[in-house]
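Here is a friendly walk through one protein model, going from side-chain pairs to the core and then out to the surface. Keep the viewer open as you read.

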Amino acid sequence: MKNRRQSGFTLVELLVVLAILGLLLGLAVPRYFHSIDSSKETVLAENLRITREAIDKFYGDTGRYPDSLDELVDKRYLRGVPFDPIADSYTTWTIIAPQEGVAGNVYDLHSSAEGSGRDGRPFADK
């Protein structure tokens with residue numbers, strides 16, 4: 001018999017390592033997806049705040065509300081049409097028109113995404 005040096009890992013060692021990795025992933029993945037959802041809500045709230053502020057500035061400067069979100073971009077009140085991270089779209093905003101007798105078409109906007117946020121309020125009410 002020759003004296004050979006054994007190298008490599010045993011099946012038991014590999015299974016222990018895989019079990020530890022599985023446990024760590026099982027703990028980390030739910031927290032990761034929760035943080036993604038939380039960040040999407042934060043981005044939505046910030047995009048709504050900035051766009052509403054731009055609408056108010058447009059009204060203050062022109063005495064009327066914009067006809068579309070693209071008009072805010074064309075007149076440089078916004079750099080681009082805001083993104084709705086919950087609905088994953090630039091075009092699915094719910095546009096609220098001003099009261100009758102007031103010029104323009106965009107008084108306010110809301111997300112058209114279904115579901116509710118962390119605070120329990122529907123996205124359409126934010």
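## A salt bridge beside the end of helix 1

Arg64 counts as partly exposed, because its relative accessibility is 24%, and the cut-off for buried is under 20%. Its partner is Asp67: the two form a salt bridge whose closest N and O atoms are 3.7 Å apart. Asp67 is partly exposed too, at 41% relative accessibility. Please keep in mind that this is a predicted model.

## Other charged pairs

How many salt bridges does the structure hold? The count is nine. As general background, side chains of opposite charge can pair when their charged atoms come close.

One of them sits within helix 1, where Arg49 meets Glu53 with the closest N and O atoms 3.2 Å apart. These two residues are four apart in helix 1, so about one helical turn separates them. Arg49 is partly exposed, with a relative accessible area of 41%, and Glu53 is partly exposed as well, at 37%.

Another salt bridge joins the side chains of Lys126 and Glu41, at 3.5 Å from N to O. This pair links distant parts of the chain: Lys126 belongs to the segment after strand 2 and Glu41 to helix 1, with their positions 85 residues apart. Are Lys126 and Glu41 buried or exposed? Both are buried. They also take part in a network of salt bridges that links Glu41, Arg118, Asp119 and Lys126.

## Aromatic rings

Searching the whole structure turns up five aromatic pairs. In one of them, Tyr32 and Phe33 are arranged edge-to-face, with 5.4 Å from centre to centre and 65° between the planes. Phe33 is partly exposed, its relative accessible area being 47%.

Why is the pair of Tyr65 and Tyr107 edge-to-face? The ring centres are 5.3 Å apart and the planes stand at 80°, and planes over 60 degrees apart count as edge-to-face. The pair bridges distant parts of the chain, 42 residues apart: Tyr65 lies in the loop between helix 1 and helix 2, while Tyr107 lies in the loop between strand 1 (94-96) and strand 2 (108-110). Tyr65 is buried, with a relative accessible area of 10%, whereas Tyr107 is partly exposed at 44%. Together with Tyr59, these two tyrosines form one aromatic cluster.

## The nonpolar core

The largest nonpolar core has 14 residues, and those touching the most other members are Leu44, Leu48, Ile55, Leu69, Leu72, Trp93 and Leu109. Helix 1 and helix 2 (69-74) each supply at least two residues of this core. Helix 1 gives the most, with five residues.

Leu109 makes a good starting point for exploring contacts. Leaving aside residues up to four places away in sequence, it touches Leu48, Thr51, Arg52, Ile55, Leu69, Trp93, Thr94, Ile95 and Lys126. Among these contacts, Leu48, Ile55, Leu69 and Trp93 are also named with Leu109 as touching the most other core members. Lys126 is the residue that shares a salt bridge with Glu41.

## A nonpolar patch on the surface

Which residues form a nonpolar patch on the surface? They are Leu11, Val12, Leu15, Val16, Val17, Leu18, Ile20, Leu21 and Leu24, with about 880 Å² of accessible area together. Val17, one of the patch residues, is found in helix 1 (residues 11-62). It is partly exposed, with a relative accessible area of 46%.

## Backbone angles in a loop

In general, most residues other than glycine have a negative phi. Arg76 has a positive phi of about 70° although it is not a glycine. Asp88, also not a glycine, has a positive phi near 60°.

Where are these two residues found? Arg76 is in the loop between helix 2 and strand 1, and Asp88 has its place in the loop between helix 2 and strand 1 too. Arg76 is exposed at 75% relative accessibility, and Asp88 is exposed with a relative accessible area of 59%.

Arg76 also gives a sense of scale when set against Leu23. The two are 53 residues apart in sequence and 51 Å apart in space, C-alpha to C-alpha.

Key:
Residues are numbered from 1 along each chain as its sequence is written. Side-chain values use heavy atoms; hydrogens and water are left out. Patches are made of residues with over 30% relative accessible area and no salt bridge: like charges are joined within 9 Å, nonpolar side chains (Val, Leu, Ile, Met, Phe, Trp, Tyr) within 5 Å. Accessible areas come from the Shrake-Rupley method with a 1.4 Å probe; for residues, only the protein chains shown count as cover. A salt bridge is a side-chain nitrogen of Lys or Arg within 4 Å of a carboxyl oxygen of Asp or Glu. Buried means under 20% relative accessible area, exposed over 50%, partly exposed in between (1.4 Å probe, protein chains only). A nonpolar core is a set of buried Ala, Val, Leu, Ile, Met, Phe, Trp, Tyr and Cys residues joined through side-chain atoms within 4.5 Å. Contact means heavy atoms within 4.5 Å. Rings of Phe, Tyr and Trp (its six-membered ring) pair if their centres lie within 6.5 Å; planes under 30 degrees apart count as stacked, over 60 as edge-to-face and the rest as tilted.
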